[in-house]
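Me: Could you walk me through some labels on this structure and show how each one is earned?

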Amino acid sequence: MTPRGGRRLALAAWLVAVAPALGGAQTTTSEGAALLVFPKVVVDDQWDTAIQLTNTANRPARAICYYVNGALTFPDLPPGPTNPPLWTQVDFRLSLVRQQPTQWVVSRGRVVDDADQVCRAPFTTCSGSGLDPGVIPPVEGGFSGELLCYEVDASGAPWSGNALIGHATLTHRATGALLKYPAVGSVGLPSNDADGTLCLGGEASEVCPSGAEYGGCPRSWTVSHPSDFDERASDGDASATRLVVAPCTHDFVTQEPQSVQLSFLATNEFEQRFSAAARVSCWTDLVLAEVAQIFDRDVIGADWLQTEIRAAGQTPGGFRLVQQTARGAAEPARLSVVATVPPQLDAAPQADLVRVPEESVP
């Protein structure tokens, strides 16, 4: 192994990863979509999140959005049957004029105010500026989860307009350090039947008589990351990789969270392979070193890994993923942020379903 003494870094790099449209899973981070997901939204005593959402079309665009809180019932205890995720939800509606961008800070929400100013430099903040998209409720502290928005027509029915694109920016309250990533969009298809069950991928069935209405969710991902170093080492050399994982199936009617069994196949630079497994319910922020010791550099004997993460066993659907890797003597005040897009390998063979209440659909 390479000595740690020569690996002191002055900066910490965070890699935030979402998927491109590869391998049949029709998701995008750079083009308009009809269903948009921000997989990591946090409001707590350390972090707050700002959402940027844009209508890319030359026509009005409307959307119904859901915040989903995947924080544990008892945050200081490990997850398990006696400590499930909260899976509480808050919904709201947006209305955007053609090519309109909008933004808000999650902890503050947004009210309708005709006196909102245009954002021009020099400025200290643009929060609340520009045309209001509608009332957006504030989110209280203790929120760790995701934001899902799907496009609707003028009547409120799901519609494959493919107009939405977005980014999320997490800000560290004490230091001002930023972490930014693009939202994951699912492309809407012409077969959308505008009912209360949104079918992501899959073939025609009793539940999805029209077949896929949106691009399928990824069932497997490949991420490249450094092996974990001990952040308590006296020389200050540290590295840690986190994965936010959220199943693509959502039932906003029964509010029952979906679970997914994950398998990990890690390959080091010597072509040696190691495996591990974990189960995720609703929404989880995993530390790879806590999933298995194979991600520890002292165990795997290598500096860099490529890990395939796959939905395993009888798991019917896919999942979304955000990768976050910190390297160096990670002082928050020196935190720097870069973004990357790792490949997804294939889509889930069965449809992921997003069920919305009947009152949301005319």
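Reply: Happy to, starting with Q255: at 40% relative accessibility, Q255 counts as partly exposed, a term for values between buried (under 20% relative accessible area) and exposed (over 50%), with a 1.4 Å probe and protein chains only. Q255 lies in the loop between β15 and β16. Some background: this is a predicted model, where local features need pLDDT of at least 70, side-chain atom pairs count only at pLDDT 80 or more, and totals for chains, interfaces and linings use all residues. Residues are numbered from 1 along each chain as its sequence is written, and side-chain values use heavy atoms, with hydrogens and water left out.

Me: What makes the phi of Q255 worth a mention?

Reply: Most residues other than glycine have a negative phi. Q255 has a positive phi of about 55° although it is not a glycine. N162 is another residue other than glycine with a positive phi, near 50°.

Me: Why does N162 count as partly exposed?

Reply: Its relative accessibility is 24%, so N162 falls in the partly exposed range. N162 is found in the loop between β8 (143-152) and β9 (164-172); strands here are DSSP runs of E with at least two residues, numbered from the N terminus.

Me: Why is the pair of Y66 and F252 called stacked?

Reply: Rings of Phe, Tyr and Trp (its six-membered ring) pair if their centres lie within 6.5 Å; planes under 30 degrees apart count as stacked, over 60 as edge-to-face and the rest as tilted. For Y66 and F252 the centres are 3.9 Å apart and the planes differ by 10°, so the pair is stacked. Y66 lies in strand β5 (residues 61-69) and F252 in the loop between β15 (250-251) and β16 (259-268), so the pair ties together parts that are 186 residues apart in sequence.

Me: And what makes the pair of W221 and F319 tilted?

Reply: W221 and F319 are 6.4 Å apart centre to centre, with 45° between the planes, so the pair counts as tilted. W221 sits in strand β13 (residues 218-226) and F319 in strand β20 (residues 319-327), 98 residues apart.

Me: How do you know that W221 is buried?

Reply: W221 has 1% relative accessibility, so W221 counts as buried. F319, at 0%, counts as buried too.

Me: Why is T28 called buried?

Reply: Its relative accessible area is 9%, so T28 is buried. T28 has its place in strand β2 (residues 27-28).

Conventions:
Helix = DSSP H or I, 4+ residues; strand = E, 2+ residues; numbered from the N terminus.
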